[in-house]
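Biologist: I would like to take a close look at a single part of this model, the place where the ligand sits. Could you go through it slowly, as you would for someone new to reading structures?

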Amino acid sequence: MEKKPIMVVRSSMPPYEEFIEEIKDLWESRHLTHQGPKYHLLAEKLKEYLGVKEISMFANGHLALELAIEAMGLTGEVITTPYTFASTTQAIVRNGLTPVFCDIREDDYTMDVSKIESLITDKTSAIMPVHVYGNVCDVYAIEKIAKKHNLKVIYDAAHVFGVEVDGIPVGNFGDMTMFSFHATKVYHTVEGGGLVFSDPKYQTKLAQLRQFGMQGQESVPIVGTNAKMTEMHAAMGLCNLRHIDEEIAKRKKAAERYLQRLGGVKGIQLCYPKDNVKGNYAYFPVVFDGYKYNRDEVSDLLAKENIFARKYFYPLTSDFEAYQGKFPIQETPIARRIANSVLTLPLYADLTVEEVDRICDIILQ
Ligand SMILES: *Cc1c(COP(=O)(O)O)cnc(C)c1O
């Protein structure tokens, strides 16, 4: 019998009955969008779970990021990483700003903080680092540099829902932090995203930006877009939040099996959990450097067996055709080497230990 295909991610769903129960009252209220009761309930519950003071939620994480940049009034250049999903860099460029690419660290692929200061110019207004794969950036060093040079910090935290560093929930660093609630993430609302921050002054601006720049029904003080989270999406979020601890525990089991099977193999580089970080096991990136098969060969071997890993992140965002000739592009040799040798293996809550073994057997054959 053909074994069923294994994709790199598989969205978790609450029990069908639970979701149906959650949306039942919408047939009565007909309050389907515009920050209804479900939006507000989810906002309260997420603030508690994420351990943050303020939250504002949107149709998706990318629009949240674009609007974060706009709400903070950033200008000129933003120091960021090319080792990320398209969204991070596109959010900067779509705001009319120039991304300045900082290289990453060899071991956890987050921004190399020792290289930030040499990229700062009199046009720099912010740093936009990414907590990739569930790995936390050097938040303390970034805070120090930002204070010293009077820069804002916006974290792309799409991969670190529920993560804590030194017992501090990860959304408490920087001026603003974006979480994506996309269907493929550890926690999701189908599509959705949230900005968390401590300064309540951003709430009004973000709410206006999300609602066509409107304040009430007759006043339009700023230029805005439509980026509202619907009550249907908030309902999915309420359901999924009830199962988040189980979600992370199941991912942990699969990730630990991968670590057991692939750890210590020559030419295979893994990310190990850090003692001071409570992780969420969002992704399982493997760097093949000096292994008997290169990254593309491993990807092909798996694909032949109906297992679909992903070259995530490849290419670097600084290599996108869209940007060539538009602004200077910094060379980032470590990010380039990792992008050329990384493969993100399947990881999701329903992935069984037997399936992890099947994947590892193919890689180790
Ligand atoms: C998923 C993701 C985003 C965008 O989030 P959406 O909710 O899909 O718009 C941004 N940055 C990173 C690193 C992501 O993985």
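Biologist: To begin with one residue there, how far from an oxygen atom of the ligand does a backbone N or O atom of H62 lie?

Modeller: Please keep in mind throughout that this is a predicted model. In this model, a backbone N or O atom of H62 lies 2.8 Å from an oxygen atom of the ligand, and G61 likewise places a backbone N or O atom 2.8 Å from an oxygen atom of the ligand. With S180 the contact comes from the side chain, where an N or O atom is 2.7 Å from a ligand oxygen. Of the 380 Å² of accessible area that the ligand has on its own, the protein covers 94%.

These three residues belong to a wider shell, for 16 residues surround the ligand, and the closest of them are G61, H62, D156, S180 and K185. If we sort the shell by character, we find ten polar residues, four nonpolar ones and two charged ones. We can also ask which elements the shell is drawn from: the helices α4 (61-71) and α5 (86-94) and the strand β8 (176-180) each supply at least two of its residues. As for the space that the ligand takes, it is the second largest pocket.

With the ligand site described, a few other features of the model may help you to find your way around the chain. An open sheet of three strands runs in the order β7-β6-β11, and its pairing is antiparallel. Its edge strands, β7 (168-169) and β11 (277-278), each pair on one side only. Strand β6, which covers residues 164-165, pairs with β11 over two bridges, and V165 has V277 in β11 as its bridge partner. In general, the strands of a sheet pair through backbone hydrogen bonds, in either a parallel or an antiparallel way.

The backbone also deserves a careful look, since most residues other than glycine have a negative phi and most peptide bonds are trans. R30, although not a glycine, has a positive phi of about 55 degrees, and R30 is placed in the loop between α2 (26-29) and α3 (37-50). The peptide bond from Y312 to F313 is cis, with omega near 10 degrees, and F313 lies in the loop between α10 (295-304) and α11 (333-341). The bond from Y314 to P315 is cis too, with omega near -5 degrees, and P315 lies in the loop between α10 and α11.

Technical notes
Residues are numbered from 1 along each chain as its sequence is written. This is a predicted model: local features need pLDDT of at least 70, side-chain atom pairs count only at pLDDT 80 or more; totals for chains, interfaces and linings use all residues. Side-chain values use heavy atoms; hydrogens and water are left out. Two strands pair if DSSP finds at least two bridges between them. Helices (H or I, at least four residues) and strands (E, at least two) are DSSP runs, numbered from the N terminus. A residue is near a molecule or strand if one of its heavy atoms lies within 4 Å of it. A polar contact is a pair of N or O atoms within 3.5 Å; within protein, one must be able to donate a hydrogen and the other to accept it, and residues adjacent in sequence count only if both atoms are side-chain atoms. Accessible areas come from the Shrake-Rupley method with a 1.4 Å probe; for residues, only the protein chains shown count as cover. On a 1 Å grid over the protein atoms alone, a cavity is a set of points where a 1.4 Å probe fits but cannot get out, and a pocket is an open set with protein on both sides within 12 Å along at least five of seven lines; lining residues have an atom within 4 Å of a point. A molecule sits in a cavity or pocket if more than half of its atoms lie within 2 Å of its grid points. Ala, Val, Leu, Ile, Met, Phe, Trp, Tyr, Cys and Pro count as nonpolar, Asp, Glu, Lys and Arg as charged, and the others, Gly among them, as polar.
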